[in-house]
Amino acid sequence: MILRFVSRNGQFRLTVDPDDEIASILPQVVEKMPEHAITKSITISPKPHGADSRPISALKGVTFARLGLSHGTQVFLDYKEDEPTSNGHSVPANRLNGKDIGEADVAPLAAAQIDGDVQLIKNPWDSVKQSTLDDRLDQQDGKIHRKKDEKMCRHGPKGMCDYCMPVEPYNKEYLDQKKIKHLSYHAYLRKVNQGKNKYEQGSSYMPPLSEPYYRVNPQCPSGHQPFPKGICTKCQPSAITLQPQEYRMVDHVEFADSEIINRFLNFWRSSGAQRIGYMYGHYEAYEEVPLGTKAVVEAIYEPPQVNEPDGVTLNDWENEAAVDLLASQCSLQRVGVVYTDLLQPEDPEKTAVCKRHIDSYFLSSLEILFAARHQAKYPRPSKWSDTGRFGSNFVTCVVSGDEQGQIAVAAYQASNSAVEMVRADIIEASAEPSVMLVQDENEENELGRVRYIPEVFYRRINEYGRSVQENAKPSFPVEYLLITLTHGFPLEKKGLFAANKFAIENRSVIGEAQEPRDLQKSLRAGSNRVALDTPQGVEADELGRLTRLASTRDPSLGAQLMHTPGWATLETILQM
């Protein structure tokens, strides 16, 4: 008679005699099992879930007829392996693509240098401290109030109808009418929360936000060894489908004083080389977008760098921590990065060549990676995310030529998907600036790096006007990872500092240097702009008093500062 045997590897058939002992088929069964299956652990059962299973080797003297097995009966096999399995499959857990993997073969990912593993937080609204601006926007109603429509409204002045009642901050008709392309972060939060938490049902509250995660989970609940020794469907990331992000973490970039950008551009005007700087400022509510956020830039710090006509190379920034500390004492934080990409045109009526436009690119693949790494370094704390953070407020500004041939500023952010793809080391820059490359898992394995790279897709409109899904390998357009912001300058100058004339740092290559006489000149002129290097002889508490004076312009602080020993020492050094 023929018996059908079913195991986790598939099915096979064996011809047996009803009077044969069950243990006699063990050699034939072992041939059908994987190489690492333990012979003594192979069990046989009449039920699919292993109930009433017995080891085959222990069934000596027991015949098939005794167990009531007849022609065509289906029996089920199970076994154990001498090494951990991968999600119940027969492929040994320390094998990938059929090749044994050792500890030395595992190369550290670039993602580990950006960010560690993400940990879920229970009740993040109780433990996460977010910015005061976010707390204030959380408390606002957020609804958009509309005036009475003279054509459609039929009620009195105190009435309300569908045409004039307040609408949610994510109302699509209102956003289209105001030509607002992206939802603000808090408007998106309200939209997601409404769909996820139903208060009328009385269900428990769940954090509405969740960041994308494209890495192999190192703490898989299945119990196998961490990747690359084991991987299963529970810990491997799902396929990625890219689509334009509907929201943005920051809606607008405002330069408190136009002189900030003008002085930054003087380096290119003097040398013809590009320049990069970090923007320091703060965040405020942006009234032009429902529940919007804007970054207000008060100063630009230019770190040590090597400047060339076609790019910039950053050097070691030894006093980075000191600059950040001094900025925080002035109630400022690092809000973004700005750099130039300018080329002098041949036409004398124009000031810059237009290199970035709809037919070329707005932000190159290399620049998107640069922006994403900075955004990963400065996450936005959020008590409404299951990880305690969501996205980033860090912005990237490019100063280049516009379509009219004039120098213009453009503000961008990388999408949250782009940041996570950089953390997971899935994408890399291309020689073609408008195209982003997806790393090839086979090439990585040939180089000795064990990688798991999920499938990446994106949707586009084809030549027939249909939305189709395309495989992003080997490359895809960078527009799927890019978010545009608006920018501008206030109608009235309202910068934090009274003057913006102090010598700029790290410009010795064009003959500019910060010297004691520059500080002496600024003090005599009554300027309250703080030099970003600690003045010699001034103690830390006195420096803090100086920064408060510069940011608040309180005369009483100035009087207190002038009577401190450190200030007297500084006056002696400057020979005032």
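Is Gln375 buried or exposed, and what is its relative accessible area? In this predicted model, Gln375 has a relative accessible area of 2%, so the residue counts as buried. Gln375 belongs to helix H9, which covers residues 365-377. Leaving aside residues up to four places away in sequence, its contacts are Ser392, Phe394, Gln413, Ala414 and Val419.

Aromatic residues offer another way into the structure. Across the whole model, the search returns 11 aromatic pairs. One of them joins Tyr188 and Tyr247: the ring centres are 4.0 Å apart and the planes meet at 20 degrees, and since planes under 30 degrees apart count as stacked, this pair is stacked. The two partners come from distant parts of the chain, with Tyr188 in helix H6 (residues 185-196) and Tyr247 in strand S12 (residues 247-248), a separation of 59 residues. Tyr188 and Tyr247 are both buried. They also take part in a wider grouping, for Tyr185, Tyr188, Tyr247 and Phe390 make up one aromatic cluster.

A further stacked pair is formed by Tyr278 and Trp317, with 5.5 Å from centre to centre and 15 degrees between the planes. Tyr278 is part of strand S14 (residues 276-286), while Trp317 is in the loop between strand S17 (311-314) and helix H8 (320-329), so this pair ties together parts of the chain that are 39 residues apart in sequence. Here, too, each partner is buried, Tyr278 as well as Trp317.

Rings also meet charged side chains. Arg8 is placed over the face of Tyr79, at 4.0 Å from the ring centre. In the case of Arg275, the charged end sits over the ring of Phe267, 4.3 Å from the centre of that ring.

A word on confidence helps when viewing the model. The average pLDDT of the protein chain is 83, and 87% of the residues score at least 70. Residues 83-115, however, have a pLDDT that stays under 50, although the model gives this stretch 65 contacts beyond four places in sequence. The pLDDT is also below 50 over residues 527-534, where the model has 26 contacts beyond near neighbours in sequence. Where pLDDT is low, predicted coordinates should not be read in detail.

Conventions:
Residues numbered from 1 in each chain as written. Predicted model: local features only at pLDDT ≥ 70, side-chain atom pairs only at ≥ 80, totals over all residues. Heavy atoms only, no water. Phe/Tyr/Trp six-rings, centres within 6.5 Å; stacked < 30°, edge-to-face > 60°. Helix = DSSP H or I, 4+ residues; strand = E, 2+ residues; numbered from the N terminus. Buried < 20%, exposed > 50% of the residue type's maximum accessible area, 1.4 Å probe, protein only. Lys NZ or Arg CZ within 6 Å of the ring centre and 35° of its normal. Contact = heavy atoms within 4.5 Å. pLDDT = per-residue confidence, 0-100.
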